[in-house]
Each structure stands twice: as C-alpha cells, then as structure tokens.
Amino acid sequence: MPSEKIFITRSHIIPEAIAYLDGIYDVEVWQQNSPPPRELLLEKVQEFGAMLTEVTDIIDADLLDAATTLKVVANRAVGLDNIDIPAATRNGILIGNTPGVLHESCADFTFGLMLALARNIAYGERKIRAKEWTVFDQIPYLGTDVHGATLGIIGMGLIGTAVARRARAFDMRIIYNSRTRKPEVESALDAEWRDDMDSVLRESDYVSLHMPLTPDTEYMIGGRELEMMQSTAFLINTTRGRTVNPRDLYDALSSGVIAGAAIDVTDPEPIPFNDPLLTLDNLLVTPHIASASRQTVRRMGQMSADNIIAAIKGEAMPGCVNPDALAMG
C-alpha cells in the first residue's frame, strides 16, 4: 500500500474521484453525509498528508496550526471562505480549489432562478400542489418580463460573465460593478461599467450577486442597499449566504421594498425550517445547488483529485491558491 495517506470528508458526492485516488494512495473516507466532527479532523491533520474537503468543512487556523503531516487540502469548490488561507500558507500547506469548472452550470442555474422568480413558476407550482388552483385566472400569477430588462451584476468573474452572456440572448441591458473593470466583457457583451455598487442597485430590474465571500463582502447587502433598489426589482444570490443580511432581506421582502428574491444560499445553512423568510411567497429558495449538475460535480471531483496528486508529486496543481506555501514547507 502506498505510504501517502489521504482523508476525504464525504463518501457519496464524488465516488469516481475517490476510486481514482484509492487506486494510487492509501485513502480513508468519512462515511456519513454530514461533516466530520472537529475532533476527528484534528486527528487527521496529524496523520494524513492530504485532505479532500467540502465547503462545510471548517479548516481554520487552529486546525492548520495543529497539522504535522498535512501537505495539501483540496477544497471541492471555487469559494474558499471555509479555509484560513494565510494560516495554511504560514504552515506550508498548499490549498487547491476548482476554478474554471463550475461557472457555466452556475450561470444556467442563476438564470433559472431569475426566470422562476420573475414569472412565478415556483409560486404557481406550489399553489397547484396545495390544491389552491381551482379556476383559470392568470391575474394572481402575473409575473415580470425578463427580456429587455436591466440586469445588474455584482462581481464580473467567470460566473458573472457567463450570466451576462445568457442575458444577451434575452436582449437585457447589462450593467456591472466588480473589483476590477473588465473591458473585454464590455466589448464582447455590451456591458456597462459602474464604478460603485450603489449605481448598479439603483438602476437594475434584476441584481445578481457573484462576488466571493470575504471580510469585505460579508453582509454587503443589507437594509441600506436593499432600500436603494427599485420596488419592482429582484435580488438573486448564488454566492454565499453571508453576503446578504437575512433579517434585512426579510424586512425588505415583507414590506415591499423590493419585489422578490431568489437565493440558493442562506445564513445559516441549511436554513432553519422556522426561519421567517420561508413564510414569504415572494422568496424562492433552493438548497445550495447552483453547481450541482452531474457533469460539473464529476469534473470538480476529478480536479480536486488532480490537485492532490500534483501536490504530492511536487508538480504544479491545476488550481492552487497559495503557491507561496511551498517556500514555507
């Protein structure tokens, strides 16, 4: 049996990648669907050379400082808000993610949320299942057109750009704000740059969030920002739950400050069944599945496995966020 040991924190998500790694290394897999307990992770970072993690596995500074054998953590995600990157670098531990794999699937899903919200697709379906559609009357289900509307994108990375491409097919006007201006996107998709997020909020019929969760973006959308939006506007969030203040979102939706919201992510996550947001008909909520197509999940698993293999071999990882860690090893 090869000496390098790999710990994988879920058994059911990426079986192909697990089988691939198991044919090369000594692999141990946590067999439950929930995250491994912290006490177990503390043991594993002192025993295993690599870990393949999910976004709900908290890999913080205390855990990384305790690591004695760990060389690499491959996070099966693009977002890295569950991992303390500076602490990993300080300890010479490489961190991998999966960029360039999931953006098209996430963009498909974002547009699906937008259409379902605007045209009351999910709302109408719920009414039928509740046996409340008893007469043909379209007025209670009147929606809002997507074609020709103004789409505001906050964060024009790979996912935001893919959403903008889809918006062009709906003849939408695209405005955006991002950490860096993207002239190539403006030229290719006729997108309009705004140098502040407030302008995007004020002008848009639909606001779609695509920025990573960082200390600067945590609760970036709160009461002040929601008040800036038009009363007929909709908010779509497929980033992380903590980019939007949930209580402020409830207040804005319940009082008509905005027309509606569609969120694939919540704070906390999973959302408690007694959360007041779930009482609102103008909210569409899904269980963090924007990237969850069979093809994309498979590709994310393979890229995570490739990150581990490359790190162990001392080769360039397909997705490494802290190559400086090599100098600390």
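**View 1. Aspartate 190 sits exposed in a loop with a positive phi.** At 53% relative accessibility, aspartate 190 makes it into the exposed class, because the bar for that label is over 50%. This is a predicted model, and here it places aspartate 190 in the loop between H8 and strand E8 (192-193). The backbone is the thing to look at: phi of aspartate 190 is about 55 degrees, positive even though the residue isn't a glycine. For context, most residues other than glycine have a negative phi.

**View 2. Aspartate 171 is another exposed loop residue with a positive phi.** Have a look at the loop between H7 and E7, where aspartate 171 is found. Its phi is near 55 degrees, a positive value for a residue other than glycine. Buried or exposed? Aspartate 171 counts as exposed, with a relative accessibility of 58%.

**View 3. Two cis peptide bonds turn up before prolines 268 and 270.** Going from aspartate 267 to proline 268, the peptide bond is cis, with omega near 0 degrees. Proline 268 belongs to the loop between strand E11 (260-263) and strand E12 (283-285). Glutamate 269 and proline 270 are also joined by a cis peptide bond, with omega about 0 degrees. Proline 270 lies in the loop between E11 and E12. As a rule, most peptide bonds are trans.

**View 4. Methionine 114 is one of the best-connected members of the largest nonpolar core.** That core has 35 residues, and Met114, Leu151, Ile153, Met172 and Tyr206 are the ones that touch the most other members. Several elements chip in two or more residues, including helix H5 (103-118), strand E6 (150-154), helix H7 (158-169), strand E7 (173-177) and helix H12 (294-313). Which element gives the most to this core? H5 does, with nine residues. Zooming in on methionine 114 and skipping residues up to four places away in sequence, the contacts are Val146, Leu151, Met172, Tyr206 and Ile236. Another core, of 26 residues, lies apart from this one, and among its residues are Ile175, Val207, Val257 and Ile258. More broadly, nonpolar side chains in soluble globular proteins tend to be buried together.

**View 5. Ile128, Trp133 and Phe136 make a nonpolar patch on the surface.** Together these three residues have about 380 Å² of accessible area. Phenylalanine 136 is in the loop between helix H6 (121-129) and E6. With 66% relative accessibility, phenylalanine 136 counts as exposed.

**View 6. Leucine 94 is buried in strand E5 and meets residues from far along the chain.** Strand E5 is where you'll find leucine 94, and its 8% relative accessibility makes it buried. How many residues apart along the chain are leucine 94 and valine 321? They are 227 residues apart, yet their C-alpha atoms are separated by 7.7 Å. Leaving out neighbours within four places in sequence, leucine 94 is in contact with Lys71, Val72, Val73, Ala311, Met317, Cys320, Asn322, Pro323, Ala325 and Leu326.

**View 7. Asparagine 97 is a buried loop residue.** The loop in question runs between strand E5 (94-96) and H5. Why does asparagine 97 count as buried? Because its relative accessible area is 7%, and buried means under 20%. Not counting residues up to four places away in sequence, asparagine 97 touches Asn75, Ala77, Val78, Leu80, Met303, Asn307, Gly319 and Val321.

How values were computed: Residues are numbered from 1 along each chain as its sequence is written. This is a predicted model: local features need pLDDT of at least 70, side-chain atom pairs count only at pLDDT 80 or more; totals for chains, interfaces and linings use all residues. Side-chain values use heavy atoms; hydrogens and water are left out. A nonpolar core is a set of buried Ala, Val, Leu, Ile, Met, Phe, Trp, Tyr and Cys residues joined through side-chain atoms within 4.5 Å. Buried means under 20% relative accessible area, exposed over 50%, partly exposed in between (1.4 Å probe, protein chains only). Helices (H or I, at least four residues) and strands (E, at least two) are DSSP runs, numbered from the N terminus. Contact means heavy atoms within 4.5 Å. Patches are made of residues with over 30% relative accessible area and no salt bridge: like charges are joined within 9 Å, nonpolar side chains (Val, Leu, Ile, Met, Phe, Trp, Tyr) within 5 Å. Accessible areas come from the Shrake-Rupley method with a 1.4 Å probe; for residues, only the protein chains shown count as cover. A salt bridge is a side-chain nitrogen of Lys or Arg within 4 Å of a carboxyl oxygen of Asp or Glu.
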